[in-house]
Every structure is written in C-alpha cells, then in structure tokens.
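Let's walk through this chain together, from its overall build down to a few single residues. Keep the viewer open as you read.

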Amino acid sequence: MIEERFDAIVVGAGMAGNAAALTMAKRGLQVLQLERGEYPGSKNVQGAILYADMMERLIPDFREEAPLERHLVEQRFWLLDDRSHVGMHYRSDDFNEERPNRYTIIRAPFDKWFSSKVREAGATLLCETTVTELVRDDRERVVGVRTDRGGGEIHADVVVLAEGVNGLLGTRAGLRARPTPDNVALAVKEMHFLPRETIEARFNLKGDEGVVIEAAGTISRGMTGMGFVYANKECISVGIGCLVADFQRTGQTPYGMLDHFKQHPSVAPLIAGSEIKEYAAHLIPEGGYKAIPQLYGDGWVVVGDAAQLNNAIHREGSNLAMTSGRIAAEAIAEMKSRREPMTAKNLSLYRKMLADSFVIKDLKKYKDLPMLMHTHSQNFFLTYPQLISKAMQNFVRVDGTPKLEKEKATLKSFVKARSWRGLIGDASRFARAWR
C-alpha cells in the first residue's frame, strides 16, 4: 500500500469526487483518489443530464473531447393517467447555440473521461479499492483511511467523502446517519438502442439535438415518484424512480413499475422495436434541505449525494455534486495556502461557501416540498392526474353533449373525488412550500 502522506484523500470517483480531486490537483495539492470500481464509471451505467455551466468551471474546453450525447433543445413535462397524458413542453432554437447549456450523457464513459482529466492534473487514482475505515488520532481527528488492500494506513490532512448516498464509510464512522427510506429514492433504468435516424424521427430532432421527457402520475401507482425518457445519440434512456419508503409500504417492485411505464400508450411508441442492452438501479437522495447532514468536521468533509445534495423538485443532481466538490476543494486549498490545520472550525468555510452558492439557496427555497409530496402522494400522483385527464377529455371530445353539462360533470367529478376544502388545502400547502 502507498506509504506517502497526501494533502487530501478523495473517496469516490463520481461527479463530486472528480470535481474535488481535479480542483485540488490543479491548485498543486497532493491528492489520492480511491475508487472501488474497476475504473471510474464502471459501476455507473446511469443516463443523466450534464449542466454545462458547472462543468465549464472545472474544464472550460470540455465540449472539445468529452463523450457527450445530445444537447437539449426541448423539455417535456407529462402528467399521466393510465391511457393518456396532459403535457407541456418548451422547445427553443436558442438552445442550438455555440456553447449549449445542457447535454444528455451516459455516465460510464463520461466518468472515465472525467477521471482522465483528474489524473492529467496530477492526482493519483487507485481503483478496485474499497475504503473500510477512517483513521483517527488520539484527539478523534480524521487523519487518513484504511482499505481492503491491506498494508496499513494511508494518511492525509483531510478526507473528502464522495461515496454516494448509500456509502457506508461515513455512517460507520458516525459522521452522518444512514439515510432513511423516506429520504431516498430507488430508480431503475434501461437503455433502449435504436438507429440514430429512428430516434431523431420519433423525437423530431436533427443533428445532435436532444429532448428530455419527465413524467408523473398514475405510473407511480400513488407513490412519490417520476418517470423519465432521455434521447441519446443511438439509444434512449427510460426509467422510473420512487421513494424507498413507498416500495416498502406497497410491496411494488421497481422492475414492475418500469415495465408498467414502458407499456404506457404515450411511451411505448417511442421505444418500439428497440434492443435493450443495459438495466441498472441506483439510489437518489430525495430528502432535500432538511436531510443535509453535518458537512464537515475535524479532518473531513462530505460532498455530493453523500451530503443529500439533490434538488428533487427540479431533478438536478450532477450540478449540485460538481459544485459541492469544487467548493469543498477550494475551501481545503484555501486552508492549505494559509498553512492552517484542517480543523472543524477552519473547514466550516466549506459550509459557508456552499451556503452562498445556488446549491443551499435552491434547496432551502423548496425545503418543505419533498415531505408535502410524500405525505399527499395519493392526491398528487393518482387522484389529481386522473381528474385532470378526465377534464381534458371532456373539453376536447365533441359528442353532442351541451358544453354546460360537460362543465358540470367535470366540476362534479372534482367535488366527488375530494372536497373543495381538501383541494384548496392541498393547493395552499403546495403554494406555501413553493414560495
């Protein structure tokens, strides 16, 4: 095992870990990055959205060589019942800009490329290595790690925990509690391969244009969850995720939910005739602002999903991960430049810098929404989508019934399904949480 002492050890080589390691290496710190997979991204077959602004801050010219899929020109939002969807979409040619704002990516090749830039900056990467324990001194300060490779301890001034939402290192060490089932979603996804020209015809795309569909409604069977469809160059990412607590409560299976979503009349034509080559599941932090653990201590900081930094309302995760990793690294580099020890007092600079960024500001703004959606999931994901679909069908179907009778029938269905007081209460709670 490596006997050299490092300025920092980064546990994990995902978005947050790579952002932290790259930032510190560029500033001249001696960085060791430990990844349990065969290579960075080997355990991550997630299809995802990359936010260019956050990546540009790390690698300004990333567009020239990163394995990007499509730049997004259209966003669709669908509210589904069992046979239809009510939707809205935004499409703009402004997104066909020289430096596009968002891209679809496939994490396995992207993470591998991202890691190569970290190594070029001077960090040392050690794969197929699981960190089993944090090393503490006689004052209980974290001073390094032990791994499953044996050979003793690896020491560093600070350890950056970028191990993901289900990482056990921080919980075993007592630095943070294990996420509760109502703060974590389990998402499953398949990659459906089709000829590029077929994908572009079905989604009305040309060149490297892309589209994302996010869907909610009866597909989650009353549970708190959403489905998604991402158009990549030669495949389509299709998935759905729900709170772990809801899977436990209902006994529903993730693969059953995904099959149900794929068979929906609005989704099935998009993937018809495709070849499925990949199936994956991963955990997503959903607790929001109120679930954020302690972010720093004597000799350690936690970043990304491990810190519950995910905006469930806006479906943003990778940008928060990259930003938190970068900011943590900047705070550590600042301490090193001052020759100050990595105490909890000094590392509180990371929390202050994060609070000044969009990360904490956005999560704090929507701090009550995750619990509201969970406690009223039957209304938001089952009752209301069905009512809205029925109202829309009444509106557009012409069958000789007077419009006044249709309007009365629609109103009656809302009243019958739930009292006006209940509807107004839900709307009021949602509005307060959204402010």
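Accessible areas here come from the Shrake-Rupley method with a 1.4 Å probe, and for residues only the protein chains shown count as cover. By that method the chain exposes about 19,800 Å², with carbon and sulfur atoms supplying 50% of it.

A word on where the values come from. This is a predicted model, in which local features need pLDDT of at least 70 and side-chain atom pairs count only at pLDDT 80 or more, while totals for chains, interfaces and linings use all residues. Residues are numbered from 1 along each chain as its sequence is written, and side-chain values use heavy atoms, leaving out hydrogens and water.

**The whole chain**

The chain holds 15 helices and 17 strands; these are DSSP runs numbered from the N terminus, with helices being H or I of at least four residues and strands E of at least two. Its radius of gyration is 23 Å, close to the 22 Å that the globule rule gives for 435 residues, so the chain is as compact as a globular protein of that length. That radius is taken over C-alpha atoms, and the rule is 2.2 Å times the number of residues to the power 0.38. Along its principal axes, the C-alpha trace spans about 85 × 50 × 40 Å.

Of the 435 residues, 54% count as buried, meaning under 20% relative accessible area; exposed means over 50%, and partly exposed lies in between (1.4 Å probe, protein chains only). Contact means heavy atoms within 4.5 Å. Among contacts between residues at least 6 apart in sequence, 72% join residues at least 24 apart.

**Strands and their partners**

Two strands pair if DSSP finds at least two bridges between them. The table lists four such pairings.

| Pair | Sense | Bridges | Facing residues |
|---|---|---|---|
| β4 and β12 (residues 209-217) | parallel | nine bridges | Arg 76 and Ile 213 |
| β4 and β5 (residues 85-91) | antiparallel | seven bridges | Leu 79 and Val 86 |
| β8 (residues 131-136) and β9 | antiparallel | five bridges | Leu 134 and Val 145 |
| β9 and β10 (residues 153-161) | antiparallel | three bridges | Val 145 and Ile 154 |

Strand β4 (residues 71-80) is mostly covered, with eight of its 10 residues buried. With four residues between them, β4 and β5 form a hairpin.

Strand β9 (residues 142-147) is mostly covered too, with five of its six residues buried. The hairpin of β8 and β9 has five residues between the strands, and Glu 140 there takes a positive phi near 70°. Five residues also separate β9 and β10 in their hairpin, where Gly 150 in the turn has a positive phi of about 75°.

**Residues worth a click**

Most residues other than glycine have a negative phi. Which sign does phi take at Asn 204? It is positive, near 60°. Asn 204 sits in the loop between α5 (196-203) and β12, and is exposed because its relative accessible area is 55%.

Arg 339 is not a glycine either, yet has a positive phi of about 60°. Look for Arg 339 in the loop between α9 (318-337) and α10 (344-355); it is exposed, at 79% relative accessible area.

Finally, is Thr 171 buried or exposed? Thr 171 counts as buried because its relative accessibility is 18%. It belongs to helix α4 (residues 169-172). Leaving aside neighbours within four places in sequence, Thr 171 is in contact with Arg 176, Ala 177 and Arg 178.
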